[in-house]
Amino acid sequence: MCTKCIIRAAAIAAITMATSTQIGHATPAEDALAGEARGLVKSFATDLKHTLVKTMKSEGPVAAIRVCNVSAPEIAKDKSTASGWTIGRTSVKLRNAKNAPDAWEAKVLAIFAKKSAAGEDLKTMQFYETVEADGKKTFRYMKAIPLAKPCLTCHGENVKAPLKATLKDLYPQDAATGFKLGNLRGAFTLSKPLN
């Protein structure tokens with residue numbers, strides 16, 4: 001794939017920040033928190049995209065996998081520390097076992113999959129609500145990640161041998177391949193304690 005195509009596709013993959021209907025009844029305070037979360041998702045996705053595209057252009061996909069292995073958690077940690085939110089990514093088909101969904105995230109991923117199968121646009125799909133556990137309230141937010149064209153290199157159906165070897169080395173239990181363009185890759189997941 002040419003560099004121009006990678007950059008164009010990565011820009012599309014940066015996740016359109018349009019709002020979709022949230023399931024349930026949100027309060028104005030929850031809508032405001034969701035807006036803040038969308039801004040953090042956009043910032044995280046932009047920084048990660050920039051890092052990956054730069055490495056992909058200069059060193060190729062094998063190097064980009066290695067950079068993603070280190071940079072994605074660092075970017076998430078930096079954004080979390082600066083914002084007071086916990087920011088990450090999750091999926092049903094995991095690459096990094098540390099990103100395994102909890103019960104709430106698994107429920108939301110199932111909702112996203114069902115809505116996607118019904119034809120809803122993944123680019124605008126989000127879910128948020130305030131949850132309570134052990135007397136503590138937390139605002140939780142997820143935004144779907146549709147698989148973009150550049151992501152097929154490392155997550156598609158035909159991952160090349162050198163990439164497979166690197167993935168096996170970095171992620172021995174990798175299950176995040178076999179995707180097709182536009183599939184639900186996973187979701188950004190954010191949470192913020194409210195009390």
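Q: What area does the protein chain expose, and what share of it do carbon and sulfur atoms supply?
A: This is a predicted model, in which local features need pLDDT of at least 70, side-chain atom pairs count only at pLDDT 80 or more, and totals for chains, interfaces and linings use all residues. Residues are numbered from 1 along each chain as its sequence is written, and side-chain values use heavy atoms, with hydrogens and water left out. Accessible areas come from the Shrake-Rupley method with a 1.4 Å probe, and for residues only the protein chains shown count as cover. The protein chain exposes about 10400 Å², of which carbon and sulfur atoms supply 56%.

Q: In which order do the 4 strands of the open sheet lie?
A: Helices (H or I, at least four residues) and strands (E, at least two) are DSSP runs, numbered from the N terminus. Two strands pair if DSSP finds at least two bridges between them. Strand S1 (86–90) and strand S2 (126–133) each pair on one side only, as edge strands. The pairing is antiparallel and the order is S1-S4-S3-S2.

Q: Which residue in S4 is the bridge partner of Tyr 141?
A: Strands S3 and S4 run antiparallel and are joined by 9 bridges. Within S4, the partner of Tyr 141 is Leu 190.

Q: What angle does the direction of helix H4 make with that of S3?
A: Axes are lines fitted to C-alpha atoms, for helices over the stretch in contact (heavy atoms within 4.5 Å), and angles run from 0 to 180 degrees between N-to-C directions. Helix H4 (residues 103–117) packs on the sheet and touches S1, S2, S3 and S4. Its direction makes with that of S3 an angle of about 35°.

Q: Which element gives the most residues to the largest nonpolar core?
A: A nonpolar core is a set of buried Ala, Val, Leu, Ile, Met, Phe, Trp, Tyr and Cys residues joined through side-chain atoms within 4.5 Å; buried means under 20% relative accessible area, exposed over 50%, and partly exposed in between (1.4 Å probe, protein chains only). The largest such core has 20 residues, and Phe 44 and Trp 85 are among those with the most contacts inside it. Helix H2 (28–59), helix H3 (61–83), strand S3 (136–146) and strand S4 (184–193) each supply at least two residues. With 8 residues, the element that gives the most is H2.

Q: How many disulfides does a search of the whole structure find?
A: A disulfide is a pair of cysteine sulfur atoms within 2.5 Å. For Cys 68, the nearest cysteine sulfur is that of Cys 154, 8.3 Å away. The number found in the whole structure is 0.
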